[in-house]
Amino acid sequence: MKKREFLKRAAALTSLAFLPSPVWSLDRKKIRIAQIGVGGMGSQDLNFISSHSQVKIVGLCDVDSLALDNVKKIYPNALLYSDYRIMLKEMENQIDAVQISTPDHTHAPAAIMAMNLNKHVYCQKPLTHNPKEARSMIRIAQERNLITQMGIQVHSFYDYKLATILIKEGIIGKVNKVRAWTNGNSGYDGTVPIGNDPIPESLDWNLWLGTSNERPYKEGYYHPSQWRKVIDYGCGTLGDMGVHILDTPYNALELDFPITVKNECREFNGFSFPTKSTVTYNFPGTAYTTDNMTLVWTDGQFPLTEEDLILPQQDKLPIQGSMFIGEKGKLLLPHFMQEPKLIVKGEYKKIDISKYPEALKLRKPYGDYNEDAKVHYHEFVDACLGKTDCSTPFSYSGRLTEVVLLGVIAGRFPNRLLKWDKENFRFEESEVNQFLGSKYRIF
Ligand SMILES: NC(=O)c1ccc[n+]([C@@H]2O[C@H](COP(=O)([O-])OP(=O)(O)OC[C@H]3O[C@@H](n4cnc5c(N)ncnc54)[C@H](O)[C@@H]3O)[C@@H](O)[C@H]2O)c1
């Protein structure tokens, strides 16, 4: 949203019974942010967002008091909470925006509560834990005219923007296939843990579980960071890395929802994601693809030796990335902070950037992750201030997340071709539809 449109919208909103927070913030010249989840990625998220000169961190919430201890000295004026529901209620009039960096199963419950209080939201990836939540997040953000951004910071990096321009300009013609992969692994093929361990004194396990079902605490399986391997809390490797690596193909090719999806992996064990998956999506054609577009995601299997991934000069394939395969050649986009490489008839070809005016306008990379990553966070703050638009609002990132999560759900039905009906939000295979959403526990 541009500033003029923002001011017009703000003026219109003053006629409503409530005064939305951006209006107050404009007077104050600072966006007041509360952070939910301050350990792990949350501590980086805090650093990045607070590096903007017009941000004030006013609230910090974590269910583990050790995580709060680590950051509270840096923000001595912020109020501290363990329950985001209490923080949002008590601080409703002191917060303009919320940043959410919790495990995936808590993204939507926390974000939806914040959005219903008219707070702008920066939410970590994947946006949600299931597709129903993604559709709700898109709808609420739109209905309430909120500024939203998903935490896929590489979306704002030079190399990804450059690849998007090159693909749209037709450097390899229409694309008929994309391969995307990571050697990363957020899966677990071992046995389901039995029994329980003492809950650490610093952790409120009931709040950590949040809306998910009750489960005994087990050391080393869930909190911190291991939860991404477990179906009740995370989204496996595809949910973890797919949102980053599939972002450029999804954006550059202007893909919609897939028509079919198939996940080749081990049998579903009811507890955790597989350590190896190959997920194949078929998409309807777009202006940048042939009539049908196939996207193949591979995780946990490296090196990959298929012909479409063989590089010239016997170069080694990057451990994570994507390969666009088009009518006139291939474009390799390593993940991340490396420029795309053009391959034509088995040879590398120099990319003459001067032929692409849009590419010449791109801000040059700092070449330092910490500097380049800030751009995405600052874009969100600037959008809250009415100065610019967000590049990964929920209207975009919710759709990308849905695509990724359809592949995750397909892992419950290994090796089966599932047909997706985007209009009616259902799979043709009716037994799959129960996994599009989940029942929330009252906690
Ligand atoms: N964009 C990126 O590059 C990137 C990188 C890593 C992680 N992430 C994302 O960040 C999120 C967190 O991942 P992580 O690896 O830091 O996990 P983590 O388990 O290491 O940290 C999560 C933090 O949130 C806290 N927490 C858990 N439930 C909470 C609740 N209900 N309320 C408040 N705090 C709560 C935990 O105590 C912990 O401090 C995930 O969504 C993940 O996908 C993004």
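Biologist: Which helices each supply at least two residues of the shell around the ligand?
Modeller: Helix H3 (41–50) and helix H9 (205–209) do. Helices here are DSSP runs of H or I with at least four residues, strands are E runs of at least two, and both are numbered from the N terminus. This is a predicted model, where local features need pLDDT of at least 70 and side-chain atom pairs count only at pLDDT 80 or more, while totals for chains, interfaces and linings use all residues. Residues are numbered from 1 along each chain as its sequence is written.

Biologist: How many residues surround the ligand, and which are the closest?
Modeller: The ligand has 29 residues around it. Gly 37, Gly 39, Gly 40, Met 41 and Pro 224 are the closest. A residue is near if its C-beta atom, placed from the backbone, lies within 6 Å of the molecule.

Biologist: What is the shell like by class?
Modeller: It has 13 polar, 11 nonpolar and 5 charged residues. Asp, Glu, Lys and Arg count as charged; Ala, Val, Leu, Ile, Met, Phe, Trp, Tyr, Cys and Pro as nonpolar; the others, Gly among them, as polar.

Biologist: Where does the shell draw its residues from, by domain?
Modeller: Domain 1 (3–153 + 372–393) and domain 2 (156–191 + 201–365 + 401–435) each give at least three. Those bounds come from an automatic or database domain assignment.

Biologist: What separates the centres of domain 1 and domain 2?
Modeller: 26 Å, taken over C-alpha atoms. Their contact takes 29 residues from domain 1 and 28 from domain 2. Contact needs C-beta atoms, placed from the backbone, within 7 Å.

Biologist: Which elements give two or more residues to the domain 1 side?
Modeller: Helix H4 (65–72), helix H7 (131–143) and helix H13 (369–384). H13 gives the largest share, 4 residues. That side of domain 1 divides into 10 nonpolar, 12 polar and 7 charged residues.

Biologist: New topic. In what order do the strands of the open sheet run?
Modeller: E14-E13-E12-E11-E7-E10-E9-E8-E15-E16, 10 strands with mixed pairing. The edges are strand E14 (347–349) and strand E16 (426–427), each paired on one side only. Two strands pair if DSSP finds at least two bridges between them.

Biologist: Do E7 and strand E10 run parallel or antiparallel?
Modeller: Parallel, with 7 bridges joining E7 to strand E10 (residues 289–299). Val 175 stands opposite Thr 289 in E10.

Biologist: And how do E9 and E10 pair?
Modeller: Antiparallel, over 8 bridges. The two form a hairpin with 4 residues between them. Ser 277 has Asp 299 in E10 as its bridge partner.

Biologist: What about strand E8 and strand E9?
Modeller: E8 (residues 260–265) and E9 (residues 277–284) are antiparallel too, over 6 bridges. There, Asn 263 has Val 279 as its bridge partner in E9.

Biologist: Which peptide bond into Pro 126 is cis?
Modeller: The one from Lys 125, with omega near -20°. Pro 126 sits in the loop between strand E5 (120–124) and H7. The bond from His 335 to Phe 336 is cis as well, with omega near 0°. Phe 336 is in the loop between E12 and strand E13 (341–344).

Biologist: What is the phi of Gln 313?
Modeller: Positive, about 55°, although Gln 313 is not a glycine. It lies in the loop between E10 and E11.

Biologist: Last one. What radius of gyration does the chain have?
Modeller: 22 Å, which agrees with a compact globule of 443 residues, expected near 22 Å. It is taken over C-alpha atoms, and the globule rule is 2.2 Å times the number of residues to the power 0.38. The chain has 14 helices and 16 strands.

Definitions and conventions
Two residues are in contact if their C-beta atoms, placed from the backbone, lie within 7 Å.
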